[in-house]
Amino acid sequence: MTGSMDLPAKGGFSFELCRRNDMLEKKGLKLPGFRKTGTTIVGLVFQDGVVLGADTRATEGPIVADKNCEKIHFMAPNIYCCGAGTAADTEAVTDMVSSQLQLHRYATGRESRVVTALTLLKSHLFRYQGHVSAALVLGGVDCTGPHLHTVYPHGSTDTLPFATMGSGSLAAMSVFESKYKEGLTREEGIQLVAEAICAGIFNDLGSGSNVDVCVITKGKTEYLRNHQLPNPRTYVSSKGYSFTKGQTEVLSTKITQLKQTAEVAEGGDAMEE
Amino acid sequence: MGSHAEGGSQAAGGGQTQRTQYPYVTGTSVIALKYKDGVIMACDTGASYGSTLRYKSVERIKAVGKHSLIGASGEFSDFQEILRYLDELTLSDHMWDDGNSLGPKEIHSYLTRVMYNRRNKFDPLWNSLVLGGVKKGPKGDEKYLGMVNMIGTHFEENHIATGFGNHLAIPILRAEWHEDMTFEEAVKLVEKCLLVLLYRDRSSINKFQIAKITTEGSTIYPPYSLKTYWGFSHFENPAQGAVGSW
């Protein structure tokens with residue numbers, strides 16, 4: 001008897017259920033939607049390194065699903081990545097490449113390079129032909145200097161001095177195009193990134209809430225979570241939701257006693273078993 | 001930008017009239033803003049035929065009567081038709097000879113009615129119009145700036161942008177416009193927006209016209225081009241650090 005061993009799948013998508021899903025859709029089943037991060041993400045190169053910025057709103061269609069999410073993902077101690085597109089895709093792909101970089105660091109004993117992260121990301125995304133909807137702004141500083149790249153869902157990449165992605169990218173790009181120059185200082189860089197993200201927050205409906213900033217220089221990374229909070233809750237009751245007695249006017253009072261209507265007879269026959 | 005087919009076909013017995021429209025020769029964004037002496041309006045002088053840059057010296061801003069300027073983006077032939085309607089309007093207004101002339105608010109109102117009624121007949125004029133002007137009113141010289149688009153949406157604002165300008169110029173205008181700008185400040189702000197549009201809108205060209213309207217009348221300046229900067233060090237050999245990157 002020949003033993004047939006089922007080899008485990010080598011990774012990637014399994015397309016076995018596609019025909020069944022298609023049939024169900026034809027019968028009228030609506031597939032669940034996915035959460036997008038209608039977003040503004042930016043990055044720029046300044047004289048000592050790179051500054052990345054992102055807003056913090058995650059949307060599910062017209063609803064804000066998460067008003068303070070983290071869109072700047074850790075790749076390596078010296079490399080961070082902002083993600084726009086489908087939230088699950090950006091999380092998964094950045095996590096995966098981050099782990100691969102860690103293993104690579106153990107194998108080589110060296111600091112990770114930005115091009116390594118870039119190549120891993122673009123080859124993964126190209127293999128999935130755009131179905132992994134992750135648009136990323138990758139920035140970091142390694143032994144060869146500061147680098148800033150954008151990665152598109154189909155796998156193409158750009159190397160730029162300043163970059164924006166997401167639904168708010170045009171609003172942010174208008175700020176960058178009019179105000180960016182080479183050789184910015186750290187403060188100017190952070191200021192410009194915050195301004196670009198604010199342009200996205202206030203002019204794009206898919207972006208909102210707060211500004212996250214990440215500054216990467218040689219040997220040091222600062223993750224400024226919620227660097228700016230331009231959308232505070234303005235009307236908050238100081239007393240909270242406690243209602244003291246007497247706040248509601250009592251119009252009339254009627255007390256009804258609970259009467260016992262069932263009488264239990266003492267004695268009687270024992271229950272049938 | 002919407003270029004989906006606006007359908008409406010009536011089968012009247014044997015003849016079928018189709019009002020389906022797509023824009024053919026189109027102009028891109030128009031930007032306008034109020035400043036101290038009146039209203040300033042600017043746009044580029046290009047008209048595209050699909051993805052070809054067909055006409056490079058097209059005036060998309062015209063004076064209307066004594067008090068207004070009209071700028072249009074979208075289908076150029078529809079803009080020419082609108083100018084003919086406005087000609088008829090201003091002519092019959094002139095023939096009243098009553099010492100009063102149509103101001104920007106009146107013309108904006110007229111255009112809104114025209115655009116909305118055409119849309120209701122499924123035969124729109126495929127334009128986004130910007131109407132700006134100054135006219136003496138009960139409170140002195142009143143500046144007016146408004147816009148109407150092909151479906152009849154209309155509003156009045158201190159700064160207007162159509163087409164791609166909505167995404168690229170409005171954020172800048174919202175952040176940097178303020179009351180009573182001088183002409184020089186207004187031109188600088190407008191040029192800032194036009195430059196961003198030149199960099200990032202594929203259908204814009206580097207030949208712009210600025211027009212202004214004040215109580216003295218309208219002035220449309222001759223076209224000129226802006227200086228662009230391409231000297232970023234990252235633009236030289238971007239693939240040197242990352243092979244296969246652009």
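**Exercises on a two-chain predicted model**

The contact (heavy atoms within 4.5 Å) takes 24 residues from chain A and 25 residues from chain B. This is a predicted model, in which local features need pLDDT of at least 70, side-chain atom pairs count only at pLDDT 80 or more, and totals for chains, interfaces and linings use all residues. Residues are numbered from 1 along each chain as its sequence is written, chains are lettered from A, and side-chain values use heavy atoms, with hydrogens and water left out.

**Exercise 1.** State the area that chain A and chain B bury between them, and name the three residues of chain A that supply the most.

Solution. Step one: the size of an interface is often given as the accessible area lost when the parts come together. Step two: that loss, taken with a 1.4 Å probe and summed over both parts, is about 1,900 Å² for chains A and B, with 60% on carbon and sulfur atoms. Step three: Thr159(A), Leu170(A) and Glu177(A) supply 27% of the area that chain A buries against chain B, more than any other three residues.

**Exercise 2.** Decide whether chain A is a compact globule or more spread out.

Solution. Step one: chain A has five helices (H or I, at least four residues) and twelve strands (E, at least two), both DSSP runs. Step two: the globule rule, 2.2 Å times the number of residues to the power 0.38, gives 19 Å for 273 residues. Step three: the radius of gyration, over C-alpha atoms, is 28 Å, well over that value, so chain A is more spread out than a compact globule. Step four: the C-alpha trace spans about 95 × 80 × 45 Å along its principal axes.

Technical notes: Buried area = accessible area lost by both parts, 1.4 Å probe.
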